[in-house]
Amino acid sequence: MIALYWTFQPLYLHKYMKKVTDSDEIAYGHTSSIAAYLAGRFGHLFGKPEESTEKIKIPKRIEFMKDVTVGTAFIITIIMLLASFFADKEVVVKQAGNLNFVIWGILQGFKFAAGITILLYGVRLFLAEIVPAFRGISQKLIPGARPALDVPVVFPYAPTAVLVGFISSTLVFLIFMLIFGLTGYATIVPSMIMLFFPAAGAAVFGNAVGGWKGAAFGGAINGLFLAIGQALTWPMLSNTAPELAVLADPDWYVIIWVIMGVGKIIKAIF
């Protein structure tokens, strides 16, 4: 089942990948494909490609947010500081060590942004090497084949959309976290890595067909998948690997549900 997934996943998304990259050189191979597909498929309902995030005029006082590194550092720092205010004091003190918790929160935001920047530069270097190498393989063994690459490969095509998707994804997740908490339905935990990477990818796809509104829609789809997926899947994996319900991308939930559904069918038959 997983082999089939990795075979067909880049294929069903490639139509929208070509709109993102404006070429047919590379494909998208990542477990956020369902969010990216929905963003690419329905993003046009919310806006137009002409309203791209990269054309938004931002007031000069916050123009620094256009830079992915700076914008990410700012957003993560705010989230860390807010979380520190609401978290148990002993936990915050233990995490911060000898540092003031405010300084610690700021440093965490900077570290996260630095990691993202290093990753993006690495992706560019990787592409410069892998695409020509893969072209030689495809010409000899599988004519017409394209490499399906990880989610950061689409970030450079719409850097501002990356931030828009991250923000909308996080907001949607936090709203559901509050709703689930107040109703007693479930306790869900925000995973910042999953709220960033899949949301950023989906936002780039949404931006390609629906501008900044499509980007926000793509991020929101990711937040929705992560919130509801975590609430539903944690109990399903309680006796095996419940941590997978937290550290999961959108496709993980779909794959888990399908595998467990097929398992129940087989069990009922035999």
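Before I turn to any residue, let me fix one term: helices here are DSSP runs of H or I with at least four residues, strands are DSSP runs of E with at least two, and both are numbered from the N terminus. Please also keep in mind, throughout, that what you see above is a predicted model.

With that vocabulary in place, the chain has nine helices and two strands, and, read from the N terminus on, its elements follow the order α-β-α-α-α-α-β-α-α-α-α. The C-alpha atoms fill a box of roughly 60 × 60 × 35 Å when this is taken along the principal axes. For 270 residues, a compact globule would be expected to have a radius of gyration near 18 Å, and the 20 Å of this chain agrees with that. Of the 270 residues, 43% are buried, and the accessible surface of the chain comes to about 14,900 Å², with 70% of that surface belonging to carbon and sulfur atoms. If we take contacts between residues at least 6 apart in sequence, 75% of them join residues at least 24 apart.

Let me now go to one helix pair. Two packed helices are described by the angle between their axes and by the distance between the axes. Helix α1, residues 2-21, packs with helix α7, residues 192-236, at an angle of about 70 degrees, and their axes are 9 Å apart. Angles of 65 to 115 degrees count as roughly perpendicular, and α1 and α7 are therefore roughly perpendicular to each other. Which residues in α1 and α7 meet? On the α1 side they are L13, Y16, M17, K19 and V20, and on the α7 side they are V204, F205, A208 and V209. Sorted by class, this contact of α1 with α7 has eight nonpolar residues, no polar residues and one charged residue.

Just after α1 comes a residue to look at on the backbone. Most residues other than glycine have a negative phi. D22, although it is not a glycine, has a positive phi of about 55 degrees. D22 is found in the loop between α1 and β1, the latter being residues 27-28, and with a relative accessible area of 70% this aspartate is exposed.

The loop between α2 and α3 gives us two residues to set side by side. Is S52, which is found in that loop, buried or exposed? With a relative accessible area of 11%, S52 falls under the 20% limit, and so it is buried. Leaving aside residues up to four places away in sequence, S52 touches N207, G211 and W212. F64 is also found in the loop between α2, residues 33-42, and α3, residues 68-86, but F64 is partly exposed, with a relative accessible area of 36%. Again not counting residues up to four places away, F64 touches V70, G71 and F74; from F64 to F74 it is 10 residues in sequence and 9.8 Å in space, C-alpha to C-alpha.

Helix α6 and what follows it come next. T160 lies in helix α6 and, at 8% relative accessibility, counts as buried. How far apart are the C-alpha atoms of T160 and T53? They are separated by 5.7 Å, although the two residues are 107 residues apart along the chain. T160 touches T53, E54 and K66, with residues up to four places away in sequence not counted. T187 is found in the loop between α6, residues 159-183, and α7, and T187 is exposed, with a relative accessible area of 75%. The C-alpha atoms of T187 and A231 are separated by 7.2 Å, with their positions 44 residues apart along the chain.

I will finish with E129, which is found in helix α5, residues 101-140. E129 is exposed, its relative accessible area being 60%. The C-alpha atoms of E129 and V258 are separated by 36 Å, and these two residues are 129 residues apart along the chain.

Definitions and conventions: Residues are numbered from 1 along each chain as its sequence is written. This is a predicted model: local features need pLDDT of at least 70, side-chain atom pairs count only at pLDDT 80 or more; totals for chains, interfaces and linings use all residues. Side-chain values use heavy atoms; hydrogens and water are left out. Axes are lines fitted to C-alpha atoms, for helices over the stretch in contact, and angles run from 0 to 180 degrees between N-to-C directions. Angles under 35 degrees count as roughly parallel, over 145 as roughly antiparallel, 65 to 115 as roughly perpendicular and the rest as oblique. Contact means heavy atoms within 4.5 Å. Ala, Val, Leu, Ile, Met, Phe, Trp, Tyr, Cys and Pro count as nonpolar, Asp, Glu, Lys and Arg as charged, and the others, Gly among them, as polar. The radius of gyration is taken over C-alpha atoms; the globule rule is 2.2 Å times the number of residues to the power 0.38. Buried means under 20% relative accessible area, exposed over 50%, partly exposed in between (1.4 Å probe, protein chains only). Accessible areas come from the Shrake-Rupley method with a 1.4 Å probe; for residues, only the protein chains shown count as cover.
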